[in-house]
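Hi,

Here's the structure I promised to pass along. Have a look at it first, and then read on for my notes.

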Amino acid sequence: MRTVTAYAAPSATEPLVKTTIERRDVGPKDVMIEIAYAGICHSDIHTVRGEWGEIQYPQVVGHEIVGTVSEVGSEVTKHQVGDRVGVGCMVNSCGECEYCLRGDEQYCAKGNVGTYTGVDPADGTITQGGYSQAVVVTEDFVLRVPESLDYDKVAPLLCAGITLYSPLHHWGVTEGTKVAIVGMGGLGHMGVKIAAALGAEVTVLSQTTSKEEDSLRFGAKAHYATSDEQTFTDLANSFDLIVNTVSAKIDMGAYLNLLRVDGTLVNVGAPSEPLEVPAFALIPARRSWAGSAIGGIRETQEMLDFCAEHGILPETELISADQINEAYERVLASDVRYRFVIDTATMAP
Ligand code: NAP
Ligand code: ZN
């Protein structure tokens, strides 16, 4: 076992504190990663605050991890010491069910093992996430991170990037597809960049016009404020695909009405409160309402390579570990442009 510095939530209501955690010894198929940077996802906040259900404390979160390999097990073939690698939201799955076999480990019939709050099949402990100096992960759940993508910016691709890439692909976004992204935070801004790179005509639906210049810079054709009721009249029946990234409950009926016939609204935002869908927002235009979770490992690698090819990077603000609590408050206030990334070098004891 190895003791490493980490930042953990002591309870649902207290700030994160500096602590130490144990990482297991490297097994035959494991890779030890010296974490360089870890992104802050809104899911980290939902989780530590108990908004998605009770968890055990103390808990370290963080599932947007990049670092370098420092040790490999005797049977590891995919990664070598010194490689730049990443870990996203999963660290294991059954590997045998129909979903795992087709590369959709995120939908594993037995449930994938989360990078945090999961039960690690290697030793039965609760998995601890990326706000730490190192992590041990089975090689199949470790991604290759292209070196052309800036090391200190790339981490958010491991969750925010893949969570938008996967539905954009699944619903066939291509040249000219009319796509709307609801909420331009960490996930939303990656959605704008990736959809634009796929050739889509992208519209951002944000609470205000304050992010309009950024939307256009990221590749959107238009930006509308959802605080203005006129937006919902002007854009009625406009989109083939809407991706909702909002972390809070919003009026689904109002957004479904913006879909064309046969359009789909995909929910990736995961508020703790149930969302309400009026039947008559779906029926008259054969609309669909769907959900989507991150993406599979093969697809995550494809996304990293796609971003490298297209020069797509998240917009990030680099922080030191002692700024995590302040960063959480800014995420909750929608005051993040557009992802916080923790420099784990600042965790050194
Ligand atoms: P984020 O950075 O906080 O972005 C959320 C955005 O939603 C905000 O920037 C804001 O955009 C908008 N928003 C926030 N509160 C709102 C409200 N009350 N009404 C309307 N709009 C509001 O969060 P994130 O990290 O992108 O995560 C977004 C959600 O996706 C979270 O619930 C997270 O847990 C979930 N998530 C899901 C998956 C998945 O696999 N499905 C993966 C990762 C995260 P504007 O300022 O533009 O309005
Ligand atoms: Zn996430």
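Below is what I found, going from the ligand site to one helix and then to one histidine.

One caveat up front: this is a predicted model.

**Ligand 1**

Ligand 1 has 29 residues around it, and the closest are His42, Met184, Ser206, Lys211 and Arg339. Three polar contacts are worth pulling up on screen, each to an oxygen atom of the ligand. Arg339 uses a side-chain N or O atom, 2.6 Å from a ligand oxygen. With Met184 it is a polar backbone atom, and the distance to a ligand oxygen is 2.7 Å. His46 places a polar side-chain atom 2.8 Å from an oxygen of ligand 1. As for cover, ligand 1 on its own has 920 Å² of accessible area, and the protein covers 88% of that.

Which elements give two or more residues to the shell? Those are α1 (42-48) and α4. The largest share is from α1, with 3 residues. If you sort the shell by class, you get 13 nonpolar, 14 polar and 2 charged residues.

**Helix α4**

Since α4 is part of that shell, I looked at the helix itself. It runs over residues 186-197, and at 1.5 Å a residue its 12 residues should span 16 Å; the end C-alpha atoms are 17 Å apart, so the two agree.

Is α4 mostly covered or mostly open? Mostly covered: 10 of the 12 residues are buried. The buried stretch is Gly186, Leu187, Gly188, His189, Met190, Gly191, Val192, Lys193, Ile194 and Ala195. The cover over these residues includes the helices α3 (160-170), α5 (212-217) and α9 (297-310), along with the strands β10 (178-182), β11 (201-206) and β17 (339-343). Just after the helix, Gly199 has a positive phi of about 95°.

**His79**

The last item is His79, which sits in the loop between β4 (65-72) and β5 (84-87). Its relative accessible area is 4%, which is under the 20% cut-off, so His79 counts as buried. What does its side chain reach? One partner is the backbone oxygen of Val142, at 3.0 Å. Another is the backbone oxygen of Glu139, at 3.2 Å. Leaving out residues up to four places away in sequence, His79 touches Val31, Val69, Val72, Val85, Glu139, Val142, Leu143 and Arg144. So Glu139 and Val142 turn up both as polar partners and in that contact list, with His79 itself buried at 4%.

Cheers

Methods: Residues are numbered from 1 along each chain as its sequence is written. Chains are lettered from A and ligands numbered from 1 in the order in which they are written. This is a predicted model: local features need pLDDT of at least 70, side-chain atom pairs count only at pLDDT 80 or more; totals for chains, interfaces and linings use all residues. Side-chain values use heavy atoms; hydrogens and water are left out. Helices (H or I, at least four residues) and strands (E, at least two) are DSSP runs, numbered from the N terminus. The expected span of a helix is 1.5 Å times one less than its number of residues. Buried means under 20% relative accessible area, exposed over 50%, partly exposed in between (1.4 Å probe, protein chains only). Contact means heavy atoms within 4.5 Å. A residue is near a molecule or strand if one of its heavy atoms lies within 4 Å of it. A polar contact is a pair of N or O atoms within 3.5 Å; within protein, one must be able to donate a hydrogen and the other to accept it, and residues adjacent in sequence count only if both atoms are side-chain atoms. Accessible areas come from the Shrake-Rupley method with a 1.4 Å probe; for residues, only the protein chains shown count as cover. Ala, Val, Leu, Ile, Met, Phe, Trp, Tyr, Cys and Pro count as nonpolar, Asp, Glu, Lys and Arg as charged, and the others, Gly among them, as polar.
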